[in-house]
Amino acid sequence: MLLLLVGAPLLIAATSPDPVFDKRFNSFIDAGYDALTAPPEWFDPTERVAGGGDTSIPVAAPSTKAIASTALAAAASYAEAQGSTALIVMRDGAVEYEHYWRDNGPDSVFNPQSMSKTVLALLVGAAIADGKIRSVDDPVERYVPEWRGDPRGKITIENLLNMASGLAQLEEGFGYELTPENPAARQHFGSDFHAPILTLRAKVPPGQTFDYNNNGSNLLGLIVERATGERYADYLSRKLWAPLGLRDAHLYLDKPEGHPITACCILSHPRDWAKIGQLILQNGKWEGREIVPASWIAAMIKPSAPYKGYGYQIWLGDQKVEAERPSHLAPDDSWQSEPFAAPDIIALRGHGFQRVWIIPSKKLVIMRAGKSWPPSWNEALIPNILIRGMK
């Protein structure tokens with residue numbers, strides 16, 4: 001996820017004084033950062049997401065490994081060449097390969113970017129299981145009284161999950177421009193993450209068109225907080241982070257004791273995401289305990305009507321398959337030279353090609369992290385090498 005792409009026009013904000021914006025924006029520019037290279041320590045303030053007591057991860061015994069060493073070496077070689085900082089391969093619940101580059105290791109914190117959206121979807125499922133949200137058919141206005149009597153209030157939870165809200169983009173007309181005039185920049189660097197969400201205008205009827213909109217996810221995060229009556233960090237810790245035995249993480253806040261941005265930026269560790277992938281593969285169970293209902297995982301990975309390649313805040317199957325990368329694609333656009341070698345592939349995807357690929361038919365989870373732009377990214381290469389390398 002691009003740091004700037006977090007939501008629709010709020011032009012008045014560009015002229016409103018905000019010392020927090022000035023401080024953050026100027027420090028970001030002065031350091032020469034972009035959305036991918038900003039280090040975790042730049043994000044300030046943050047809020048802790050408490051992890052669990054046992055943060056270990058199972059490791060496969062040599063006799064049980066199912067992926068050929070040559071395939072693991074080939075995948076690692078490609079990952080290293082593409083500027084990766086971490087590659088973790090789990091098969092049948094245990095790590096068969098784990099390696100770090102560029103002075104990173106298991107203790108290194110990274111920004112998973114929009115992979116955070118899939119965690120958000122898991123929390124929506126938990127809130128439904130807890131009876132805090134009635135169903136995905138609930139209209140937004142049930143939790144956002146500011147939109148009662150407004151057509152936007154009729155958008156459903158499912159519309160938001162499917163990226164089919166019909167809401168305009170916050171950065172509409174500005175795109176990736178890193179300028180104070182860009183409303184998305186005003187939001188991301190400013191002192192109120194929530195206010196811009198409520199200014200989003202309805203562009204098309206909900207439920208009809210897939211449009212990847214970060215502020216649809218931010219709106220879901222706001223709804224989770226209001227529905228549960230808990231801070232997002234606390235609910236995330238209680239329902240997911242602690243039960244899975246993940247390490248402490250941190251959320252980026254608009255101000256001290258303020259609101260987190262929920263479309264991205266759970267500052268965390270690579271192993272955490274391999275375990276989250278394993279949770280999805282195991283239909284919501286961890287060590288025999290139900291963390292998220294299996295029925296919710298099934299709903300998450302069901303292709304949506306607006307776009308078959310997307311479910312509930314998660315990507316499904318092949319995306320852009322062409323023999324050669326089209327020249328018109330943006331740097332962060334996903335391209336694959338061939339179809340995935342397993343048709344049931346599920347993917348958590350984040351800006352800069354942060355990835356967790358889940359292949360249920362192969363009992364395989366692959367996690368890749370990076371902190372710089374890959375010189376030539378092929379989406380299918382790492383998964384296909386490993387799938388074809390299974391003994």
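Which residue in E11 is the bridge partner of isoleucine 358? The tour below answers this early on; please note before starting that the model is a predicted one.

**Stop 1: strand E10**

Select residues 354-359, which make up strand E10. The strand is mostly covered, since six of its six residues are buried. Now display the side chains. Gln354, Val356 and Ile358 point one way from E10, while Arg355, Trp357 and Ile359 point the other way. The residues of both groups are buried.

**Stop 2: the partners of E10**

Add residues 364-370, strand E11, which pairs with E10 in the antiparallel sense over five bridges. Here the opening question can be settled: in E11, the bridge partner of isoleucine 358 is valine 365. A second pair to select is valine 356 with methionine 367, its bridge partner in E11. Between E10 and E11 lie four residues, and the two strands form a hairpin. In the turn, select lysine 363, which has a positive phi of about 55°.

Next, add residues 346-350, strand E9. E9 and E10 also pair in the antiparallel sense, over five bridges. One position to inspect is glycine 350, which stands opposite glutamine 354 in E10. These two strands form a hairpin with three residues between them. Glycine 352, in that turn, has a positive phi of about 80°.

**Stop 3: the six-stranded sheet**

Widen the selection to the whole sheet. In what order do the six strands of this open sheet stand? The order is E3-E2-E11-E10-E9-E8, and the pairing is antiparallel. Strand E3 (94-100) and strand E8 (315-316) stand at the edges; each has a single partner strand, so one side of each is left without a neighbour in the sheet.

Two helices can now be added. Helix H2, residues 69-81, packs on the sheet and touches strand E2 (84-91) and E3. The direction of H2 makes about 155° with that of E2. Helix H10, residues 381-388, also packs on the sheet, touching E2, E10 and E11. The direction of H10 makes about 145° with that of E11.

Stay with H10 and display its side chains. Ile382, Pro383, Asn384, Leu386 and Ile387 are buried in this helix. What covers these buried residues includes H2, E2, E10 and E11.

**Stop 4: the three-stranded sheet**

Select strands E1, E4 and E5. They form an open sheet in the order E1-E4-E5, with antiparallel pairing. Strand E1 (46-49) and strand E5 (266-267) stand at the edges, each with a single partner strand, so each has one side without a neighbour in the sheet.

Focus on E1 and strand E4 (residues 249-252), which run antiparallel and are joined by four bridges. Valine 49 stands opposite alanine 249 in E4, and the bridge partner of arginine 48 in E4 is histidine 250. Which side chains of E1 are buried and which are not? The side chains alternate along the strand: Glu47 and Val49 point to one face and are buried, whereas Thr46 and Arg48 point to the other face and are not buried.

**Stop 5: two packed helices**

Select helix H3 (residues 116-129) together with helix H6 (residues 214-228). They pack at an angle of about 30°, and their axes are 10 Å apart. The crossing of H3 and H6 is left-handed. On the H3 side, the contact is made by Lys117, Leu120, Val124 and Ala127. On the H6 side, the contact is made by Asn214, Ser217, Leu220, Gly221, Val224 and Thr228. The residues of this contact comprise five nonpolar, four polar and one charged.

**Stop 6: two single residues**

Select glutamine 187, found in helix H5 (residues 183-189). Is this residue buried or exposed? Glutamine 187 counts as buried because its relative accessibility is 1%, and the cut-off for buried is under 20%. The side chain of glutamine 187 makes a polar contact with the side chain of asparagine 215, at 3.0 Å.

Finally, select proline 303, in the loop between helix H9 (294-300) and E8. Proline 303 is partly exposed, with a relative accessible area of 41%. Leaving aside residues up to four places away in sequence, proline 303 touches Lys308, Tyr310 and Leu316. The C-alpha atoms of proline 303 and leucine 316 are separated by 7.1 Å, and the two residues are 13 residues apart along the chain.

Technical notes: Residues numbered from 1 in each chain as written. Predicted model: local features only at pLDDT ≥ 70, side-chain atom pairs only at ≥ 80, totals over all residues. Heavy atoms only, no water. Buried < 20%, exposed > 50% of the residue type's maximum accessible area, 1.4 Å probe, protein only. Polar contact = N/O pair within 3.5 Å; in protein donor to acceptor, adjacent residues only side chain to side chain. Pairing = 2+ DSSP bridges. Contact = heavy atoms within 4.5 Å. Axes fitted to C-alpha atoms, helices over the stretch in contact; angles between N-to-C directions. Left-handed = near helix turned anticlockwise from the far one by under 90°. Nonpolar A, V, L, I, M, F, W, Y, C, P; charged D, E, K, R; others polar.
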